[in-house]
Amino acid sequence: MHAANILPIIREAQKAGASTLRQIADALNARGIPTARGGQWYAQSVAKILERA
């Protein structure tokens, strides 16, 4: 499942100082990690992943 693969990366970004959903989305985009549909990350898409976690 995609959410399970992304969650450790989100946690890593949070440890590195990303405190807002927007900062986490920026970190995922900066790493070139696509969403499940291959798009860009936004604060809302990060929120949905965290809701499922």
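**Exercise 1. Contacts and overall build**

Task: Work out what share of the chain's contacts with a separation of 6 or more joins residues 24 or more positions apart, and then describe the build of the chain from its helices and strands.

Solution: Residues 24 or more positions apart account for 40% of the contacts in the chain that have a separation of 6 or more; this value, like those that follow, comes from a predicted model. The next step is to list the elements, and here the chain has 3 helices and 0 strands, which follow the pattern α-α-α when read along the sequence. The radius of gyration is 10 Å, close to the 10 Å that the globule rule gives for 53 residues, so the chain is as compact as a globular protein of that length. Along its principal axes, the C-alpha trace spans about 25 × 20 × 15 Å.

**Exercise 2. How two helices meet**

Task: Decide how helix α1 and helix α3 are oriented to each other, and name the residues through which they touch.

Solution: Begin with the axes of α1 (residues 2-15) and α3 (residues 43-52), which come within 10 Å and cross at roughly 110 degrees. Angles of 65 to 115 degrees count as roughly perpendicular, and α1 and α3 are therefore roughly perpendicular to each other. On the side of α1, the contact is made by Ala3, Ile6, Leu7, Ile10 and Arg11, while α3 brings Val46, Ile49 and Leu50. Sorted by class, this contact has 7 nonpolar residues, no polar ones and 1 charged residue.

**Exercise 3. The nonpolar core**

Task: Find how many residues make up the largest nonpolar core, and which helix supplies the largest share of this core.

Solution: The largest nonpolar core has 12 residues in all, among them Ala3, Ile10, Leu28, Trp41 and Val46. Helices α1, α2 (21-30) and α3 each supply at least two residues of this core, and the largest share, 4 residues, comes from α1. In soluble globular proteins, nonpolar side chains tend to be buried together. To look at one core member in detail, take Val46, which, leaving aside its neighbours within four places in sequence, is in contact with Ile10, Leu21, Ile24, Ala25, Leu28 and Trp41. Over the whole chain, buried residues make up 26% of the 53 residues.

**Exercise 4. One residue of α2**

Task: Is Asp26 buried, partly exposed or exposed?

Solution: First locate Asp26, which lies in helix α2. Its relative accessible area is 37%, and since buried means under 20% and exposed means over 50%, Asp26 is partly exposed. Finally, the C-alpha atoms of Asp26 and Tyr42 are separated by 7.7 Å, although these residues are 16 residues apart along the chain.

Note on methods
Residues are numbered from 1 along each chain as its sequence is written. This is a predicted model: local features need pLDDT of at least 70, side-chain atom pairs count only at pLDDT 80 or more; totals for chains, interfaces and linings use all residues. Side-chain values use heavy atoms; hydrogens and water are left out. Axes are lines fitted to C-alpha atoms, for helices over the stretch in contact, and angles run from 0 to 180 degrees between N-to-C directions. Angles under 35 degrees count as roughly parallel, over 145 as roughly antiparallel, 65 to 115 as roughly perpendicular and the rest as oblique. Contact means heavy atoms within 4.5 Å. Ala, Val, Leu, Ile, Met, Phe, Trp, Tyr, Cys and Pro count as nonpolar, Asp, Glu, Lys and Arg as charged, and the others, Gly among them, as polar. A nonpolar core is a set of buried Ala, Val, Leu, Ile, Met, Phe, Trp, Tyr and Cys residues joined through side-chain atoms within 4.5 Å. Buried means under 20% relative accessible area, exposed over 50%, partly exposed in between (1.4 Å probe, protein chains only). The radius of gyration is taken over C-alpha atoms; the globule rule is 2.2 Å times the number of residues to the power 0.38.
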